[in-house]
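Reader: I'm new to this one. Could you walk me through it and show how each label is earned?

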Amino acid sequence: MDDIPAASARHTAGENAAVRRTARIVERSKETRASVIYGERIARGVISVGGLLVIVAVFGIMVFLFQVAVPLFQGGEQIRQVRHQIEPKPLAWLNADEFQSLATRVGADGRVTTFHIETGRPIREDSLDLAGQSATAVGGTLERDRVAFGFSDGTVRFARIGFDVGTVQRRNAPADLVRLNDRDFLSGEVIYSPVQTGDFRTITAVTTIAEPIRISERPIVALDYRVGGTVERPTIAFVTVDGAGIARLSRSVVQVNLLTGAERVRTTTTELPGLPEGTVVTAVLLSTSADRVIISSRDGFIYRYDLRDPARPVLAERRRVFPDGIAVTAIAFLNGEQTLIVGGSNGAVDAFFRLQRPAVETMDGFELVRARVHEPQPAAIIDITAGQRDKSFATTDAEGRVWYRHSTSDQVPFRFARSGDAATTSQAMIYPRGDGILKVDDRGMVDSWTVHEPHREITWSVLFGRVWYEGYDAPGFTWQSTAGTDTFESKFSLVPLIFGTLKATFYAMLFGLPIALMGAIYTSEFLHRGVRATVKPVMEMMESLPTVVLGFVAALVLAPFVEEWIAAVLLAFIAVPLGLLLGAHFWQMLPTHLALRYDGIPKFTLMGVVIAVTAWLAYQVGPLFEAVLFAGDFKAWVNGDFGTGTPFMTLLLWPLWAVLTGMAFKRFAGHHLRERVRASARPQAGRLLFAKWAVLAVASLIASWLFASLLTLIGFDPRGGIVDTYAQRNALVVGFIMGFAVIPNIYTLAEDALNSVPSHLRAASLACGATPWQTAMWVILPTAASGVFSASMIGMGRAVGETMIVVMAAGNTPIMEWNIFSGLRTLSANIAIELPEAVKDETNYRVLFLAALTLFVMTFIINTFAELIRQRFRKRAFQL
């Protein structure tokens, strides 16, 4: 008995020792080692610094893009203004070199004065041999170096008023150079200007005049002149109007002997159809190709001649451009001769396009259309001069004001005015580089303005509004930054690029988002654990595929295949989902023990087999499908060559009607079917559900066909809208490949969000009698909505910024149409294509950076909106 207390004491001592050891263990567990604390602090600091650096980097990128794009909207500046007096004389013509060094003024009496522009110093006095006559009319080319003079005796003489530019090495330069200003030196009649290589550029005025050509017996009152052809066979075309109002077109072909330099000129003259009696001609214009003549009159009319057949000239159009009492005082073609600028005695300045319009009352099917009404000047327009490199022009009014304009952007960057009385005759010209204006009047006053306006063609309306460009029937959104001709006008609307970005994203998400989300839900809630461990890593590995490889496959493999088998591809969109649904219903008919036994890898393998078989069946049945619904040629059908839109609309509306018929069945008969299914064994329940599905599928197809037929009866046709002319590289191919690229992102993140939902929510839902599908849709998905939405937005961000796939597979056509069979161009693809060839700091270069900034802002807005929605989903999830 004594051993019992001893044993009890030992037991108690043992318990106390165990308690003390436990206490020591618990006490040690409450203490955190210093290394862990410091490691956590370091990790926290590194993460914080890294996050801040990311924010700084993003902000720095935005600032850089903004800095490069801002000069587009800063406007121009006047660098220098020069004014001086030269000898007064009647003014006939004016020209200056592109470096703003020399200017040549030609008087109506043939006297030529060449002077240094900045200092006004006379360089050369010369005289054209006009046989004692004074010019009654003058006209010249856009470059202003070729001039024609008309005289009172009905003759015309051609002259060259230009400049020869060369280079001289510094060691060969004359020793008697006289400094004129901080750049130019003078030796004799030659200007020397140092260049970056250390040598000198030389500029010499050149004036020559040819023998007279008799055109009429009456004085020449209006004249225009153009030069074309080749070096060895130049052509000269000029149009004259004499004192009797008779217009004549003359063509001269000059044959040059390249060995001897001798010239032989052959001239033919054609009289144009007469003008109305009493017409007072104010100006005449001739196109370079000599296929058009424009004559303006004092009574506000424009007369347009069609000269495409020189033997049969036609007065194609007579149009009043100004109200009664307003005279047309000046006309000019802009660079490219597609825009006619008309100035009026009331100061009006309007731009006209020659457009081919149906049912017009003109002789040639073309019509002068008023495209722009520019800001008027306070006094009558007496002179219009066009820029040589863009759509700029300058207008001079009767009070001496000169406005430097840009037609396309419809703005007036500079307004120059000279104090004092207005001259009776004045003439202005835009320097060849477009960097200034020279104005001379008959009193000998010279005004020169040097300006810097590198982006005069850019305004907010040009970038984001509708602009009416030459050759287009109406205002629109157009991007075309380069072309193969010197007269091309760059078009910088960002709207087609923004539209292309949204279009590519829409079709990519339309294809990829449902597959990714459904795959994530199936993997998280229904797939066997053993299969899930393999499927998810494989999906994540898909994200590592380079987009350039995907683009290469899309352009060279997928696009030709889809074009060849387009009907089979469209059929596959129907056959594969139907095949999976059919297989699911047959799986539900299996006995429970078989369904459980073959769940997992066999079931997943069977799904792959069903997809492969249905795709193969679509491939085989594709030609029959095309023959029955689209008369054997789907691409001709989308062009609208034959047939109606009923077949395509039936297929397109079938999913919608399937949902509607399913909802109607559930409302009126769903409870009866549920009672029978609950009372039936699994195979019988599966057959009931299959019968319901088959009946609803057929009923929805019939309903869709009836509704599509009704739309056809009221005149609706999807062709010309979401479907239209087929191009090989199109949005459908982009949707396939970009959807394939974004699926791994969306799938992985959405699946993680679904798996992070606490398991007790699943258990509670299932314990309450909900099916796994009901649990997934009404419990798991709402709880994980914030994560699923974030996954979708990340995938959308990937699609918005995708570059290489779009570059290689989209066709790069900046058009605005939702046609799934047409190409597109996105902001990112446009930057990748054009930035390597863009000249630094030029307009195209800065607009591309503005496009990048636009993409940045779009992404920021989308992400901000997405974050607000995600926070709302998150609050709802906390309430569950």
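Reader: Let's start with contacts. What share of them is between residues 24 or more positions apart?

Author: Counting contacts with a separation of 6 or more, 61% are between residues 24 or more positions apart. Keep in mind that this is a predicted model.

Reader: How do you know how confident the predictor was?

Author: The mean pLDDT of the protein is 88, on a scale from 0 to 100. A value of 70 or more is reached by 94% of the residues. Confidence varies among the elements, though: strand β23 (residues 339–344) has the highest mean, 96, while helix α1 (residues 3–29) has the lowest, 53. Where pLDDT is low, don't read the predicted coordinates in detail.

Reader: What makes the protein more spread out than a compact globule?

Author: First, the parts: there are 20 helices and 34 strands. For 880 residues the globule rule gives 29 Å, but the radius of gyration is 40 Å, well over that, so the protein is more spread out than a compact globule. The C-alpha trace spans about 155 × 75 × 55 Å along its principal axes. As for burial, 46% of the 880 residues count as buried.

Reader: Which residues have the most contacts inside the largest nonpolar core?

Author: They are V562, I566, F634, M738 and F821, in a core of 62 residues. Helix α14 (residues 731–755) gives the most to this core, with 15 residues. Another core, of 25 residues, lies apart from it and includes L72, F849, L850 and A852. Back in the largest core, take I566: leaving aside neighbours within four places in sequence, I566 is in contact with F634, Y726, L732 and F821.

Reader: How do you know that the length of helix α9 agrees with what it should span?

Author: Helix α9 (residues 601–630) has 30 residues, and at 1.5 Å a residue they should span 44 Å; the end C-alpha atoms are 41 Å apart, which agrees. There's a kink in α9 as well, of about 50 degrees at V621, shortly before the proline P623.

Reader: What do the buried residues of α9 pack against?

Author: They pack against α7 (566–588), α10 (634–638) and α11 (646–668). The buried residues in α9 are V610, T614, A618, G622, F625, E626 and F630. Just after the helix comes A631, with a positive phi near 55 degrees.

Reader: Why is R144 called buried?

Author: The cut-off for buried is under 20% relative accessible area. R144 has 9%, so R144 is buried. You'll find R144 in the loop between β6 (137–140) and β7 (146–150). R144 also has a positive phi of about 70 degrees, although R144 is not a glycine. Most residues other than glycine have a negative phi.

Reader: And why is D841 called partly exposed?

Author: Partly exposed runs between the 20% and 50% cut-offs. D841 has a relative accessible area of 34%, so D841 is partly exposed. D841 sits in the loop between α19 (827–834) and α20 (843–878), and has a positive phi near 70 degrees without being a glycine.

Reader: Last one: what makes T362 buried?

Author: With a relative accessible area of 17%, T362 falls under the 20% cut-off, so T362 is buried. T362 is in the loop between β24 (349–356) and β25 (366–374). Not counting residues up to four places away in sequence, T362 touches R304, A316 and E317.

Note on methods. Residues are numbered from 1 along each chain as its sequence is written. This is a predicted model: local features need pLDDT of at least 70, side-chain atom pairs count only at pLDDT 80 or more; totals for chains, interfaces and linings use all residues. Side-chain values use heavy atoms; hydrogens and water are left out. Helices (H or I, at least four residues) and strands (E, at least two) are DSSP runs, numbered from the N terminus. A nonpolar core is a set of buried Ala, Val, Leu, Ile, Met, Phe, Trp, Tyr and Cys residues joined through side-chain atoms within 4.5 Å. Buried means under 20% relative accessible area, exposed over 50%, partly exposed in between (1.4 Å probe, protein chains only). Contact means heavy atoms within 4.5 Å. The expected span of a helix is 1.5 Å times one less than its number of residues. The bend at a residue is the angle between axes fitted to the seven residues ending there and the seven starting there. The radius of gyration is taken over C-alpha atoms; the globule rule is 2.2 Å times the number of residues to the power 0.38.
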